[in-house]
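Trainee: I would like to learn how to read a structure with more than one chain, taking one feature at a time. Could we begin with the place where chains meet?

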Protein chains: 2
Amino acid sequence: MNKHQIDYTLYLCTDRDIMSTETLEQAVEAAVKGGCTVVQLREKNCTSREFYELALSVKNITDYYGVPLIINDRLDIAAAVNADGVHLGQKDLPANIARAVLGESKIIGVSANNLEAALKAENDGADYLGVGAVFATGTKKDTKPVSTESLKEICSQVKIPVVAIGGIKRDNITLLNSTGISGVAVISSVIGKPDIASAARELKALFNPFAR
Amino acid sequence: MNKHQIDYTLYLCTDRDIMSTETLEQAVEAAVKGGCTVVQLREKNCTSREFYELALSVKNITDYYGVPLIINDRLDIAAAVNADGVHLGQKDLPANIARAVLGESKIIGVSANNLEAALKAENDGADYLGVGAVFATGTKKDTKPVSTESLKEICSQVKIPVVAIGGIKRDNITLLNSTGISGVAVISSVIGKPDIASAARELKALFNPFAR
């Protein structure tokens, strides 16, 4: 998979606590069938062995559907399962250190909630940015939403793809259509819905990154 | 540092919750000055960024004193700070996977509490074994002590160095002298003592791996 040709349009972040299916694998498969173009596996409360086994299992699905798998935070888990890359928050390893460890071929995404952090992440070698929360969200209660104006400014100032994240759902996704982002990251509005595939399909149809 | 020439005699495992000093760096420096020959950094409740920064800081000390630094569980933190290796418990990544990720030059230690696990770890590419708990301990309450007979049997059956761990202190350390182990791992009996350097020095004087 060429990391410069990743389609970030509908970027799924997993959360085992809120999914509507019995297993994470079922949720991921339904989401990908519905049109998710990237899967990020995020696990904060399990052992390394459990995370590894879960990542192996999810990678079977993403490989089958030809969708990239990104591991949140843990470079070692990404390396162990040969995932396509990692996503780093501000409390994870610095992006430049992660780049030195992982090499050039792996995708490194970095969370940024303002222009300064976005430019720094790009300079440190990030391949894409996760910018948000763009809307109020139940997942990250401590973050103040990034305004549409800020999002537009970040998109115009960086050369790498920007993925908007945070509280994105059917009712507000079209507000992001003219901001310059390359994709939307979704959690509960896809894997928290009874019909995951349909929820993904509907959101993807509403989002048009090239709308003006 | 040639991983085949590591001196495992007095192997310090850190625990920020029980140390007698204000900072971990102070505790590690005192322990190394007192004769600890290996330092394992173990952190289970902090962010990756915090773990990384702590590891960088401790590595300055271990490098200065020429002592190897081992990172518990996290291969990514070990790679990020160029530590000498990792220690893997049974809930961490499998040793053979860790070996594939880290390559041959890094030290991989594996916890084993019986002969079967010890032989498997050796077969999977472990460079040394941590075997225990050899005595009842407050740190790991759920483990049944490994008898001296079992410890001797493991030492006689594997070719790699064995480090005994668990509840080792001044009063019982000499019981390990004729078991075939290459070293003793210590936590509270060193960094939990008011004078860490003296505690290390005293334990090292009592332990004689070549006693018969």
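Mentor: Let us begin with a definition: two residues are in contact when heavy atoms of theirs lie within 4.5 Å. Please keep in mind throughout that what you see here is a predicted model.

Trainee: How many residues does each chain give to the contact between chain B and chain A?

Mentor: By that cut-off, chain B contributes 19 residues and chain A contributes 19 residues. The area buried between chain B and chain A comes to about 1,600 Å², and carbon and sulfur atoms supply 62% of it. On the side of chain B, the residues that lose the most area to chain A are Arg49(B), Asp76(B) and Leu93(B), which together make up 33% of what that side buries.

Trainee: How should I read the charged pairs across this interface?

Mentor: The general idea is that side chains of opposite charge can pair when their charged atoms come close. Between chain B and chain A the count is two salt bridges, and Arg74(B) forms a salt bridge with Asp76(A), where the closest N and O atoms are 3.9 Å apart. There are also 13 residue pairs in polar contact across the interface of chain B and chain A.

Trainee: Which elements of chain B give two or more residues to the side that touches chain A?

Mentor: They are H2, helix H3 (75-81) and helix H4 (95-102) of chain B, and the largest share, five residues, comes from H3(B). Sorted by kind, the residues on that side of chain B divide into nine nonpolar, four polar and six charged.

Trainee: Where do the two partners of the salt bridge between Lys3(A) and Asp127(A) sit in the chain?

Mentor: Over all chains the structure holds 20 salt bridges, and in the one you mention, the closest N and O atoms of Lys3(A) and Asp127(A) are 2.9 Å apart. Lys3(A) belongs to the segment before strand E1 (10-13) of chain A, whereas Asp127(A) lies in the loop between helix H5 (115-123) and strand E6 (128-132) of chain A, so that the pair links distant parts of the chain, 124 residues apart.

Trainee: Is the pairing of strands in the barrel of chain B parallel or antiparallel?

Mentor: Strands of a sheet pair through backbone hydrogen bonds, in either of those two ways. In chain B, eight strands form a closed barrel in the order E1-E2-E3-E4-E5-E6-E7-E8, with parallel pairing, and the twist from one strand to the next averages 25°. Helix H2 (residues 48-65) of chain B packs on the sheet, where it touches strand E2 (38-41) and strand E3 (69-72) of chain B.

Note on methods. Residues numbered from 1 in each chain as written. Chains lettered and ligands numbered in written order. Predicted model: local features only at pLDDT ≥ 70, side-chain atom pairs only at ≥ 80, totals over all residues. Heavy atoms only, no water. Pairing = 2+ DSSP bridges. Helix = DSSP H or I, 4+ residues; strand = E, 2+ residues; numbered from the N terminus. Axes fitted to C-alpha atoms, helices over the stretch in contact; angles between N-to-C directions. Buried area = accessible area lost by both parts, 1.4 Å probe. Salt bridge = Lys/Arg side-chain N within 4 Å of Asp/Glu carboxyl O. Polar contact = N/O pair within 3.5 Å; in protein donor to acceptor, adjacent residues only side chain to side chain. Nonpolar A, V, L, I, M, F, W, Y, C, P; charged D, E, K, R; others polar.
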